[in-house]
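Hi,

Here is the structure I promised to pass on. Have a look at it first, and then read my notes underneath.

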Amino acid sequence: MKYMHLFLLHRYSHLPQANNLTENNSGGIHLSNSRCKIRNTLIVNNEFHGLYLKNGSDAEFINVTIANNEWGGYAIDSDPYFRNVIIRDNGIGHGFMFFTDSNPILENVNIFNNEADVKGGGICSISSSTFTFLNSILWGNKYRYMAWK
């Protein structure tokens, strides 16, 4: 059985802030009711979510690459901040990120070559999410409609 590489459940949890790698896990980073800064980190090649943020997980992602994850990630009732982040080649479910009741800020972010079968491609939002994009680029993201049986 595979486990999440990083799983934080409490407010103000701390992660070593440099040169981290989450790879080849069922999920990269799972935060619930946590606040942390994640810097200089690769979140790659995970079999499920690269990121899963919920219950007020207002994390900061700085100089991070999120790539080649089967599902880019979810944010539910969380307000993440992304700065100097590359988000590429995530696929299957929602491409990069699926936001519900969240207010992300994306500054100097490149979101490209993500592909979704369900919704989105680059970004999918439902239910009262508000985005702030600053000097960011979304390009080459695709959505393929899959009829579920």
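Below is what I found in it, going from the whole chain down to single residues.

First, a caution: this is a predicted model. The mean pLDDT of the chain is 77, and 72% of its residues reach 70 or more. Confidence varies between the elements: strand β8 (residues 81-88) has the highest mean pLDDT, at 95, while strand β1 (residues 6-8) has the lowest, at 48. Two stretches deserve some care. Over residues 1-5 the pLDDT stays under 50, and the model gives that stretch 14 contacts beyond four places in sequence. Residues 7-20 are also below 50, with 37 contacts in the model beyond near neighbours in sequence.

Now the overall picture. What does the secondary structure come to? It is zero helices and 15 strands. The chain has 149 residues, and 46% of them count as buried. If you take contacts between residues at least 6 apart in sequence, 43% join residues at least 24 apart. The accessible surface comes to about 7500 Å², with 52% of that belonging to carbon and sulfur atoms.

The strand I'd look at next is β5, residues 49-54. Five of its six residues are buried, so the strand is largely enclosed by the rest of the structure. It pairs with β3 (residues 29-32) through four bridges, and the two run parallel. In that pairing, His 30 stands opposite Tyr 52 of β5. Strand β5 is also joined to β7 (residues 71-76), here by five bridges and again in parallel. Leu 53 stands opposite Ala 75 of β7 in this case.

Ala 75 turns up again among the contacts of Thr 100. Thr 100 lies in strand β9 (residues 95-100). Is Thr 100 buried or exposed? Its relative accessibility is 14%, under the 20% cut-off, so it counts as buried. Leaving aside neighbours within four places in sequence, Thr 100 is in contact with Ala 75, Ile 76 and Asp 77, and also with Ile 126, Ser 127 and Ser 129.

On to the charged residues. Side chains of opposite charge can pair when their charged atoms come close. How many salt bridges are there? The count comes to two.

One of them is between Asp 58 and Arg 35, with the closest N and O atoms 3.4 Å apart. This pair links distant parts of the chain: Asp 58 sits in the loop between β5 and β6, Arg 35 in the loop between β3 and β4 (37-44), and they are 23 residues apart. Asp 58 is partly exposed at 22% relative accessibility, and Arg 35 is partly exposed at 31%.

In the other, the side chains of Arg 88 and Asp 89 meet at 2.9 Å, N to O. Arg 88 has a relative accessible area of 28% and counts as partly exposed. Asp 89 is partly exposed too, at 31%.

Finally, Glu 60, which is found in strand β6 (residues 60-67). Glu 60 is partly exposed, with a relative accessible area of 25%. Measuring C-alpha to C-alpha, Glu 60 and Arg 35 are 8.0 Å apart in space and 25 residues apart in sequence. Not counting residues up to four places away, Glu 60 touches Cys 36, Lys 37, Ile 38 and Tyr 81.

Cheers

Key: Residues numbered from 1 in each chain as written. Predicted model: local features only at pLDDT ≥ 70, side-chain atom pairs only at ≥ 80, totals over all residues. Heavy atoms only, no water. Buried < 20%, exposed > 50% of the residue type's maximum accessible area, 1.4 Å probe, protein only. Pairing = 2+ DSSP bridges. Contact = heavy atoms within 4.5 Å. Areas by Shrake-Rupley, 256 points an atom, 1.4 Å probe, with all protein chains shown as cover. pLDDT = per-residue confidence, 0-100. Salt bridge = Lys/Arg side-chain N within 4 Å of Asp/Glu carboxyl O.
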